[in-house]
Amino acid sequence: MSTTETKFWTIDPSNVDSIQIEEAAALLEDNQAVAFPTETVYGLGANALDEQAVQGIFAAKGRPADNPLIVHVADKNQIEEVVTHIPQMAHKLIDAFTPGPLTLILESNGSCASNVTAGLSSVGVRIPDHPVARALLQACRLPLAAPSANRSGRPSPTSAEHVYKDLNGRVAGIVDGGATGVGVESTVVDCTGDRPVILRPGGITKEDLEEVVGPTDFDPALVNQKEKPKSPGMKYTHYAPEAPLWLVEGDLDFLQSQVDQLQQNDKRVGVIVSKEHAEQIQADEVQVCGSRDHLNEVAVHLYSALRSFSTETIDVILCESFPEQGMGYAVMNRLKKAATQVITQDK
């Protein structure tokens, strides 16, 4: 695509009443694409009601057009403007978890551009919980289609620096509102059936959801790639760092043995590990992504860790696995999608 001039604003989340918000909102009203922070990751937003505006997102990201986009709105009233109705379970989830890292799949009323829904009869909507995102949505008065603000396939951005590296010259503007909080994308819940179904694990856990709406299922498409995606993040390679990523399922000695074997074959090895294991692993580069006892912390630092390695210094990245419970389910979902292979220790 042709290079465009990218405007860059730095906004203090504690003081969002600024001319910079108005400038960014004006670009969105002009159907251009602007990156902005949410509480999960940085998003690349454009007018969800205009097909050409949305096409600008796909062009900037290099993203396949059959992958649906999440629509970000300022409040529940804006949700009602793009869906046929809000079922009772969805009302409960909205009241309990929004603004926040939750996306609801509801029946679309057709008002969003067709390339937002990728031909599906449903649409994903969420109310972000970040002062800058909320100020921008209120200023532009538009529902914004906003996938993660990265080149397609790369790790999602959790800082404006990540966005700049991927999209400078490809989007109209980047709003720097500081580092994001949750670190992985929103939980996506399908509310079009009789009971809620998680299409993508994220910042709200299955346990959280079940406290509010009772039994909640995981969608079969989380493990069966042949299923047509109802949710972003359900198709194609995602979250991949520059170098091949191997996810290692086993104990610390097994992880070290994989490092040693690669180094014996003249490979430069980077490793992503928890705080508990950092001092016990020997590799060319070691990145710590948080504590195994606090998987929310691992989620916050995961994408930065994936982005920290360069093929100039590292040939292969190994990452330890984490317990698939609570936030760990979202962490492992992202790692499995990013990994070129999974190495499992023989029991």
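Hi everyone, this is a short tour of one sheet, one strand with its partners, and one pair of helices. Please keep in mind as we go that the model is predicted.

Let's start with the sheet. This one is open, has 5 strands, and pairs them in parallel. Reading across, the order is β14-β13-β15-β12-β16. Which strands stand at the edges? They are β14, residues 285-288, and β16, residues 341-344. Each has a single partner strand, so one side of each is left without a neighbour in the sheet. If you look at how neighbouring strands sit, they are turned by 25° against each other on average, direction ignored.

Now zoom in on one pairing. Strand β12 covers residues 245-249 and β15 covers 316-320; the two run parallel and are joined by 4 bridges. If you want a place to look, find Leu247, whose bridge partner in β15 is Cys319. There is also a helix packing on this sheet: α11, residues 327-338, which touches β12 and β15. The direction of α11 makes about 130° with that of β12.

Next, please scroll back along the chain to strand β2, residues 34-37. Is β2 covered on one face or both? Both: Val34 and Phe36 lie on one side, Ala35 and Pro37 on the other, and all four are buried.

Who are the partners of β2? Strand β3, residues 42-47, runs antiparallel to β2, with 4 bridges joining them. One of the residues to find here is Pro37, which has Tyr42 as its bridge partner in β3. Together β2 and β3 form a hairpin, with 4 residues between them. Strand β8, residues 173-176, runs parallel to β2 instead, and 2 bridges join that pair. There, Ala35 stands opposite Ile174 of β8.

Last stop: two helices. As a quick reminder, two packed helices are described by the angle between their axes and the distance between the axes. Ours are α4, residues 88-97, and α8, residues 206-213. They pack at an angle of about 120°, with axes 10 Å apart. That angle is why α4 and α8 count as oblique to each other, and their crossing is right-handed.

Which residues make the contact? From α4 we have Met89, Lys92, Leu93, Ala96 and Phe97, and from α8 we have Asp208, Leu209, Val212 and Val213. Sorted by class, the contact has 7 nonpolar residues, 2 charged ones and no polar ones.

That's the tour, and thanks for listening!

Definitions and conventions. Residues numbered from 1 in each chain as written. Predicted model: local features only at pLDDT ≥ 70, side-chain atom pairs only at ≥ 80, totals over all residues. Heavy atoms only, no water. Pairing = 2+ DSSP bridges. Axes fitted to C-alpha atoms, helices over the stretch in contact; angles between N-to-C directions. Contact = heavy atoms within 4.5 Å. Parallel < 35°, antiparallel > 145°, perpendicular 65-115°, else oblique. Left-handed = near helix turned anticlockwise from the far one by under 90°. Nonpolar A, V, L, I, M, F, W, Y, C, P; charged D, E, K, R; others polar. Buried < 20%, exposed > 50% of the residue type's maximum accessible area, 1.4 Å probe, protein only.
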